[in-house]
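Here are my notes on this model, jotted down as I went through it. Have a look at the structure first, then read on.

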There are 2 protein chains.
Amino acid sequence: MKTEHRSGCPINLSLEVFGDRWSLIILRDMIFGGKRHFRELLNGSIEGIASNILADRLKRLMELGMLTKADDPSHKQKAIYSLTEMAITLVPIMAHLGAWGRVWLPVSEELSIRAELLEKGGPAMWDQFMDELRHEHLGTPVAAPGRPSVRATLQAGYEAVVARKASSAA
Amino acid sequence: MKTEHRSGCPINLSLEVFGDRWSLIILRDMIFGGKRHFRELLNGSIEGIASNILADRLKRLMELGMLTKADDPSHKQKAIYSLTEMAITLVPIMAHLGAWGRVWLPVSEELSIRAELLEKGGPAMWDQFMDELRHEHLGTPVAAPGRPSVRATLQAGYEAVVARKASSAA
DNA sequence: TGCAACCGATTGCAAAATGCAATCAGTTTG
DNA sequence: CAAACTGATTGCATTTTGCAATCGGTTGCA
């Protein structure tokens, strides 16, 4: 584990963790896309990450304590990557980042609907989402079962936009 | 202006803007340190940015619409860099980033006291800070004059920590 | 008037990171 | 038994970064 830091400033240290073009993309796909396996992340990435970079970043994120890796009982070669609490608490940052990007950058409608819903849901929705992620990745019990999951809500919003755009194009 | 993007996802586009090791550091020094000149950013940076990287990032941030540049009337060669509204609205993201870093990373006490105060101040303090930045960089009138400025409050907190550590070391 | 300090950069160069395609050995499926 | 799939690894060209030296011009001071 590298302990050489440019400074002890929290913003600087945060940048040393995910101040690159891929780390947050991988975490985004795990958090919002529910991706857990190498191939899912590799082939599912709309930005087209290369396999060597993905391998390097997964390793790095594990060393940093953001991810853990476990064997998949269904396949001797398969590895399941899990978010740690450290990574799960990035949800509010992701939400703010998405909200900021939606205002200032040329986002596409179908890829920003999730950010819009997450922004409108506010901290209550973020907390529920983090709770679901803890259940999914850390095995903790769900606090309030029965509600539709945040990921499913976001996904439904995405699919509604895609369907609307497909029908209006036809 | 480059218009080639990896995807229209808001998080991805945000990363394309400041997903590197220096852009947010420069903006941090302008926002929290009040730096406006090249040399201030170059020599004041605790992380030690190189002059060619600083020049490159300032240019890039201007092309992206995060900064503007103006002549300093006091010196024919001097340039004043100003934050745009796009950059000023990063304040909540900076606050969250600082809060996250304080929890999970080996921050130093004197460099994280600002993040702590900003976190405790909450959205009300962030709004006041953004208002002050708009006044400082965009020339808008201050909404509620007379209050101690957020930057001064954060700076006072920093200096109190430094003074306390100096006296306890003696 | 001369000269040092300062202004925002620029240049050259080595090292590191990135991007891409091909490939690996083992596992599972059909 | 072959094809598809598993998490990677390798080689290589390109790009980015980091560092030190330097640039031409401006300013303040003796």
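**Notes on the protein–DNA model**

1. Starting with DNA strand C: 55% of its atoms within 4 Å of the protein belong to sugar or phosphate, and the rest belong to bases. Keep in mind throughout that this is a predicted model.

2. Who sits around that strand? DNA strand C has 21 residues around it, and the closest are A:Trp22, A:Asn52, B:Arg39, B:Ser51 and B:Tyr81. Sorted by class, the surface near DNA strand C comes out as seven nonpolar, nine polar and five charged residues.

3. A few specific atom pairs on DNA strand C deserve a look. On the base side, the side chain of A:Gln77 puts an N or O atom 2.6 Å from a base nitrogen, and the side chain of B:Ser51 has an N or O atom 2.6 Å from a base oxygen. On the backbone side, a polar backbone atom of B:Phe38 is 3.3 Å from a phosphate oxygen of the strand. As for secondary structure, two or more residues of the surface near DNA strand C come from each of α4 of chain A and α3 (38-44), α4 and β2 (79-83) of chain B. The largest share, four residues, is from α4(A).

4. Now over to DNA strand D. There are 20 residues around this strand, with A:Arg39, A:Ser51, A:Tyr81, B:Trp22 and B:Asn52 coming nearest. Of the atoms of DNA strand D that come within 4 Å of the protein, sugar and phosphate make up 55%. The class split for the surface near DNA strand D is six nonpolar, nine polar and five charged residues.

5. Which atoms of DNA strand D do A:Lys69 and B:Arg57 approach with their polar side-chain atoms? For A:Lys69 it is a phosphate oxygen, at 3.0 Å; for B:Arg57 it is also a phosphate oxygen, at 2.9 Å. A:Arg39 goes for a base instead: an N or O atom of its side chain is 2.4 Å from a base nitrogen of DNA strand D. The elements giving two or more residues to the surface near this strand are α3 (38-44), α4 (51-63) and β2 (79-83) of chain A, plus α4 (51-63) of chain B. Here α4(B) supplies the largest share, four residues.

6. On to the protein–protein side. Chain A and chain B bury about 4100 Å² between them, with 73% of that on carbon and sulfur atoms. Each chain puts 46 residues into the contact. If you go hunting for salt bridges between chain A and chain B, the count is zero, while 16 residue pairs are in polar contact, both residues being at pLDDT 80 or more.

7. What builds chain A's half of that contact? The elements giving two or more residues to the side touching chain B are α1 (10-18), α2 (23-31), α5 (85-88), α6 (91-104) and α7 (109-138) of chain A. The largest share, ten residues, comes from α6(A). By class, the residues on this side of chain A are 26 nonpolar, twelve polar and eight charged.

8. Last, a single residue: is A:His37 buried or exposed? A:His37 sits in the loop between α2 and α3 of chain A. Its relative accessible area is 17%, so A:His37 counts as buried, the cut-off being under 20%. Leaving aside residues up to four places away in sequence, A:His37 touches A:Asp72, A:Lys78, A:Ala79 and A:Ile80.

Terms used
Residues numbered from 1 in each chain as written. Chains lettered and ligands numbered in written order. Predicted model: local features only at pLDDT ≥ 70, side-chain atom pairs only at ≥ 80, totals over all residues. Heavy atoms only, no water. Near = heavy atom within 4 Å. Polar contact = N/O pair within 3.5 Å; in protein donor to acceptor, adjacent residues only side chain to side chain. Nonpolar A, V, L, I, M, F, W, Y, C, P; charged D, E, K, R; others polar. Contact = heavy atoms within 4.5 Å. Buried area = accessible area lost by both parts, 1.4 Å probe. Salt bridge = Lys/Arg side-chain N within 4 Å of Asp/Glu carboxyl O. Buried < 20%, exposed > 50% of the residue type's maximum accessible area, 1.4 Å probe, protein only.
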